[in-house]
Amino acid sequence: MTLWRWAGARVSGLRVRLVLAFALLGVTTTAVVASGSYFQARTVILQQAQDAAVMSLTDQLAKVYPIAQLPPTQGELDVLAQRLSDRESFAVVVYRDMRAQSSPAPDLLTPELRQEVGDGRIAWQRVSLDGQPMLLIGTQLELDRPDGTSRPSGLEVYSVRSLVPEQQSIDRLATLAWLTGGLSLILAVLLALLAARGVLRPVRDLGRAARRLGEGDLSTRLTVRGADELADVARTFNDTAGTLERQVDELRRMESDARRFVADVSHELRTPLAAMTAVTDVLDEEADHLPGDAGRAARLVSQETQNLTQLVNDLIEVSRFDSGTARLAVDDVDVAAAVTATLRIRGWLDRVRAELPPGIVARLDPRRLDVIVANLVGNAFRHGAEPVSVRVSADADWITIEVSDHGPGLDPEVLPHVFDRFYKADTARTRSEGSGLGLAISWENARLHRHGERRGRLVAGNSPDGGAVFTLRLPRDAGGAR
């Protein structure tokens, strides 16, 4: 299919269309001019041959005019036919049922021609004799009356003249017309190629520049040549590329400042949060002994401090992804044991239906695997419904971990954004239990695992039986070739 698409693009390309347009224009113009000239010249040649033949026949008839007596004898007809013949023509003389012919050629007289001659007109007709074109001209001699008038004598004279020289001239004209057409076609193609070269070079430069710009080379510029429309396009492209480069540089600067600000603030908060965490540990121990509102306030402060600590840790992790400093620390991991440890540490082992085949070993980053599984299972408990299931499977190249619940599932409008940072399916909620970064961090951790061209991925979906399903696929050897 790709080959056909390439061939179709080449056939429908601008160069081919220009060549075809020029060739069609050249051929059409040449055909019209050449055919018009050919038919006009052919008519002139044949008309001249016909006029010359009529004049020759008239001159010859003048020598034998008038007719002495009627009806003539066969001998007189034969003599008349001989006298009207020359090297270029032969004559046929007809009087009623008598006929004389100066050449042994077959009968060429047609009823139509004889009818016109019998009506007293000079008639002519082109015929073929042994494959050669001939001109047949006929007329009727007149008989003088005593009163000085004349009347038709009934004696018909026909002259048969060869048109071979004229046909050769016409053939030469046809050959010249064909040669002119061929040369015109060649000239049209050459002109089309020259025009296509002048038009397509800036177009190709523009296409290459647009591709480089699309690939991220914002310094791409075109060389402006001339002052035509293509030069205006090149100048517009350069102006657009310059504006885009300035805007992207500004956005990158602002993004870099924002990332640096988030990272700096997150790191600065770690020290006071460490102190606050130590204080909340004490408050947790004393909360049950504090009266009413004081106890609730102590537990609230402790919970919010934990949430803030989690948010800061997540922001620090995100800043590592954005800066490109996040790295894997791979090790040979028993996947079933690692998932079991994640569930046990968080107290979920009795609440989760786990299908963990033993003996599945992969080279992964165990800390990041723990973060992914904890986020997916915790998300299932918070937003789905129990029972929550975790299934592990593997083949030669991949391990797959599937986390599902029996809740309402994910709305189709939510699915494209489920891994976006701080995305809330319910925009009316100003806060949520988590930081809003857990799934985004899990997605980044999955992509961080790769082997060659194989990269880990995390996909969200819905089960046909109801409930959300998150599927994690990781290469079995994430520490292999990059």
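Which residues of strand β8 (residues 361–364) lie on its covered face, and which on its uncovered one?

**View 1. The two faces of strand β8 and its pairing with strand β6 in the predicted model.** In this predicted model, the covered face of strand β8 is made up of Ala 362 and Leu 364, whereas Val 361 and Arg 363 belong to the uncovered face. Strand β8 is joined by four bridges to strand β6 (residues 331–334), and these two strands run antiparallel. Within this pairing, Val 361 of β8 has Asp 334 standing opposite.

**View 2. The crossing of helices α8 and α9.** Helix α8 (residues 335–345) and helix α9 (residues 366–383) have axes that come within 10 Å of each other and cross at roughly 55°. An angle of under 35 degrees would count as roughly parallel and one of 65 to 115 as roughly perpendicular, and the two helices are therefore oblique to each other. The crossing of α8 and α9 is right-handed. On the α8 side the contact involves Ala 338, Val 339, Thr 342 and Leu 343, which meet Leu 369, Asp 370, Val 373, Ala 374 and Val 377 of α9. Sorted by character, the residues of this contact comprise seven nonpolar, one polar and one charged.

**View 3. The open five-stranded sheet and helix α9.** The five strands of this open sheet follow the order β7-β9-β10-β14-β13, and their pairing is mixed. At the edges stand β7 (352–355) and β13 (457–462), each of which has a single partner strand, so that one side of each is left without a neighbour in the sheet. On average, and with direction ignored, neighbouring strands of the sheet are turned by 15° against each other. Helix α9 packs on this sheet and touches β7, β9 (388–394), β10 (398–404), β13 and β14, while the direction of α9 makes about 175° with that of β14. The edge strand β13 is joined by six bridges to strand β14 (residues 468–475), the two running antiparallel, and in this pair Leu 458 stands opposite Leu 472 of β14.

**View 4. The surroundings of Val 157 in strand β5.** Val 157 has its place in strand β5 (residues 150–162). With a relative accessible area of 0%, Val 157 is buried, the cut-off for that term being under 20%. When neighbours within four places in sequence are left aside, the residues in contact with Val 157 are Leu 57, Leu 61, Leu 84, Val 92, Ile 137, Gly 138, Thr 139 and Leu 141. Val 117 is 40 residues apart from Val 157 along the chain, and the C-alpha atoms of these two residues are separated by 8.8 Å.

Methods
Residues are numbered from 1 along each chain as its sequence is written. This is a predicted model: local features need pLDDT of at least 70, side-chain atom pairs count only at pLDDT 80 or more; totals for chains, interfaces and linings use all residues. Side-chain values use heavy atoms; hydrogens and water are left out. Axes are lines fitted to C-alpha atoms, for helices over the stretch in contact, and angles run from 0 to 180 degrees between N-to-C directions. Angles under 35 degrees count as roughly parallel, over 145 as roughly antiparallel, 65 to 115 as roughly perpendicular and the rest as oblique. A crossing is left-handed if the near helix is turned anticlockwise from the far one by less than a right angle, and right-handed if clockwise. Contact means heavy atoms within 4.5 Å. Ala, Val, Leu, Ile, Met, Phe, Trp, Tyr, Cys and Pro count as nonpolar, Asp, Glu, Lys and Arg as charged, and the others, Gly among them, as polar. Buried means under 20% relative accessible area, exposed over 50%, partly exposed in between (1.4 Å probe, protein chains only). Two strands pair if DSSP finds at least two bridges between them.
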